[in-house]
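Hi,

Here is the structure we talked about, ready for you to open next to your notes. Once you have it on screen, my findings follow underneath.

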Amino acid sequence: MAAEIQRFAISEEDDDEMGMDVKEEDDDDDDDDNEDKNMVTSNPTVVVGSDVGVLSTSGSNRFVMQHNQQYQDQQTPLGGSRRCRPQEEKERTKLRERQRRAITAKILAGLRRHGNYNLRVRADINDVIAALAREAGWVVLPDGTTFPSRSQNTRTTGGGAPTTAVTSSSTQMPAQHSSPNSLRGVSPGYRGTVDYNAPHMKVCLPPTSSSYDASNGARSQTSAMIGDGGDLHNDPLLGISIDTDDNRQVVDMPTKLQERDFAGTPYVPIYVMLPLGVVNMKCELVDPDGLVKQLKVLKSINVDGVTVDCWWGIVEAHAPHEYNWNGYKRLFQILRELKMKLQVVMSFHECGGNVGDDVCIPLPHWVAEIGRTNPDIFFTDRSGKRDPECLSWGIDKERVLRGRTAVEVYFDCMRSFRVEFDEFFEDGMISMIVVGLGPCGELRYPCNPVKHGWRYPGIGEFQCYDQYMLKSLRKAAELRGHSFWARGPENAGSYNSRPHETGFFCDGGDYDGYYGRFFLNWYSQVLVDHGDRVLSLAKLAFEGTCVSAKLSGFHWWYKTASHAAELTAGFYNSSNRNGYAAITAMLKRHKAALCFTCSETSIDMDLSQSLSDPEGLSWQVVSGAWDACIPVASENSFPCHDRQGYSYLLERAKPTSHPDGRHFSAFTYLRLSPLLTVRQNLIEFERFVKRMHGEALLEYQR
């Protein structure tokens with residue numbers, strides 16, 4: 001295996017994209033000879049698995065000597081000698097190199113298209129090996145350090161202690177490890193939840209004065225694979241130590257990832273989302289005394305502020321232009337007295353019917369009345385079922401809301417809020433406005449409504465069958481010159497279909513045909529245009545205050561070619577296409593921030609059956625935003641009260657692998673509840689806040 005890796009590594013610097021050319025210089029012939037030597041002479045190798053250490057050697061050089069005898073020693077005019085290879089052998093070497101690189105190009109192309117590996121354009125063999133190692137359940141750090149993940153358990157003996165493997169230079173033991181269900185991709189995040197209290201594993205190595213270390217050119221692969229002992233001894237991340245015992249090096253390696261020290265890292269402000277029903281339907285603050293007590297607890301552990309939903313269905317409930325902000329005024333005054341910051345979500349959608357919704361807040365009554373006579377103001381699926389969670393984007397420019405368009409209604413509400421709470425904007429207490437752009441306040445189509453029977457991991461359905469969306473589709477088809485394309489896909493399945501069960505989303509399906517590409521381009525562009533229109537008015541209403549848009553992560557079926565769940569949500573992110581580039585470009589035009597909600601997954605999700613890759617998707621979206629210099633905030637998708645969950649969120653907020661040291665601009669914790677203030681939960685949350693702030697913890701202080 002080591003020889004094969006060495007063979008592949010030779011062309012690493014020469015490969016250029018997928019169709020790599022071969023250098024034709026004859027000066028490389030000596031390198032070819034060295035390559036042949038390396039293929040048959042292997043250095044001492046240590047492969048550390050999850051439960052055993054392996055040391056293998058191959059010390060015979062006779063084959064190399066016989067191989068070199070095939071070449072003649074020719075005298076030079078100065079009396080010296082040099083090796084000379086027959087011309088035929090040179091040509092054969094060049095031909096083999098061309099063939100090998102052609103095969104490599106096809107492998108990379110196949111992995112990108114069919115395996116859905118997120119390999120960069122100029123990927124080399126190291127990227128492929130890293131992707132395969134991650135799929136096998138290993139952790140591969142950016143510097144190449146590789147070790148088993150938490151899913152590869154250490155073999156224990158009777159007392160439960162980890163097995164210590166002692167090997168000599170004449171022993172070979174096969175490494176044994178399990179085959180966990182892992183995630184695919186080249187995203188640099190760690191796979192799964194980390195166990196920080198796991199036992200260590202000791203691997204005994206021979207003395208470093210091995211005959212193989214006699215020359216610099218024969219440095220052992222032990223150092224290459226697990227690093228130099230001096231570096232490992234003080235490695236705070238890996239927790240590896242090296243001792244000497246009876247002329248042997250004893251490498252103490254953890255089977256699980258060690259907890260990272262975040263002291264001195266950038267400051268990430270923490271906001272806590274208030275309960276959905278903190279203000280009732282009469283716009284009155286619910287239980288202000290109890291709320292004050294909880295807010296004081298948050299203040300005592302240095303939480304920066306809170307996030308609150310301002311519901312359109314509450315403040316403009318009964319008639320157009322009649323706004324009631326009384327409950328929010330009382331809340332904001334309490335927060336000012338406590339000197340806490342505030343993020344406000346302008347929620348233009350209904351609450352209730354989704355996972356985690358514990359209250360029901362519908363759209364304004366006067367909007368519901370219009371909907372009873374004109375149900376096409378709501379999103380509609382292929383079977384004609386309406387979704388009243390939010391207004392269809394087809395009426396953004398249609399005057400169907402008592403003489404106003406949908407975007408005018410949104411703007412009037414935002415402007416009223418800005419005028420009503422001017423003093424809170426002026427003193428900087430309101431730090432950000434999150435603009436609601438769709439269901440759950442997110443920029444996406446309501447493609448997976450639970451009330452219509454959707455269940456994870458269904459692909460969802462396209463929501464483009466109200467008369468206003470069909471009118472837009474018809475216009476786009478006519479401009480394209482194919483009026484018969486003015487229809488939705490007929491073979492896209494239903495809410496709970498799998499991609500391979502449909503003719504549209506299956507591999508080689510209609511999604512990649514001429515009509516499919518036209519429809520998906522139109523469908524995704526309507527989403528971008530809606531965000532563009534609303535954010536332009538939000539910037540006008542909240543001039544001088546940061547605005548942001550919320551994006552959710554549809555990570556299931558991410559490893560398929562079509563990315564079906566993302567397509568129905570409006571993200572045209574199929575294989576070899578970046579469906580989030582247009583969204584980040586739109587946000588950059590408005591200098592808006594991105595709030596991405598795919599931070600972690602539920603333990604109840606079967607990621608293997610749904611070909612899911614939440615980390616791959618998260619890395620694609622977040623790194624794309626960072627590359628465009630867009631601030632990225634985030635929030636947890638599921639309740640979290642344990643140290644492992646918090647540590648995972650910290651790794652996502654402050655990734656060690658980003659070359660520019662990027663990190664989240666803010667983090668919102670969902671949400672304030674009596675469970676959070678339980679003593680043990682509060683202790684863990686306070687610890688999480690300190691690490692987000694980059695403060696030193698007691699256990700890290702010397």
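A helix here is a DSSP run of H or I with at least four residues, and helices are numbered from the N terminus. Please keep in mind throughout that this is a predicted model.

With that in hand, start at helix α5, residues 125-135. Its buried residues are Ile125, Asp127, Val128, Ala130, Ala131, Ala133 and Arg134. After α5 comes Gly137, and the phi of Gly137 is positive, near 100°.

Next, have a look at helix α11, which covers residues 365-373. Trp366, Val367, Ile370 and Gly371 are buried there. Viewed down the axis of α11, these buried residues fall within an arc of 145°, so they line one face of the helix. As a general point, an α-helix has 3.6 residues a turn, so residues three or four places apart point the same way. What do the buried residues of α11 pack against? Their partners are α9 (312-315), β14 (378-380), β15 (386-391) and α12 (406-420). On the face of α11 turned away from the buried side you will find Arg372 and Thr373, both exposed.

Now to the strands. In β18 (residues 593-596), Ala593 and Cys595 point one way, while Leu594 and Phe596 point the other way. Are these residues buried or exposed? All of them are buried. That fits the general pattern, in which the side chains of a regular strand alternate between the two faces of the sheet.

Strand β18 also has neighbours to pair with. It runs parallel to β17 (residues 546-551), with 4 bridges between them, and Phe596 of β18 is the bridge partner of Leu551. Strand β19 (residues 632-635) is parallel to β18 as well, joined to it by 3 bridges; here Cys595 has Ala633 of β19 as its bridge partner.

Cys595 turns up again in the cavities. The structure holds 8 cavities of 30 Å³ or more, and the second largest has a volume of about 90 Å³. Which residues lie nearest the centre of that second largest cavity? They are Gln343, Val434, Cys595, Glu635 and Thr668, out of 14 lining residues. At least two lining residues come from each of β13 (341-347), β16 (430-435), β17, β19 and β20 (666-669), and β19 gives the largest share, with 3 residues. By type, the lining divides into 7 nonpolar, 5 polar and 2 charged residues.

Happy to go through any of this with you on screen.

Best wishes

Methods
Residues numbered from 1 in each chain as written. Predicted model: local features only at pLDDT ≥ 70, side-chain atom pairs only at ≥ 80, totals over all residues. Heavy atoms only, no water. Buried < 20%, exposed > 50% of the residue type's maximum accessible area, 1.4 Å probe, protein only. Pairing = 2+ DSSP bridges. Arc of directions from axis to C-beta. Contact = heavy atoms within 4.5 Å. 1 Å grid on protein atoms, 1.4 Å probe; cavity = no way out; pocket = protein on both sides within 12 Å on 5 of 7 lines; lining within 4 Å. Points joined across faces, edges and corners; volume = space filled by probe spheres on them. Nonpolar A, V, L, I, M, F, W, Y, C, P; charged D, E, K, R; others polar.
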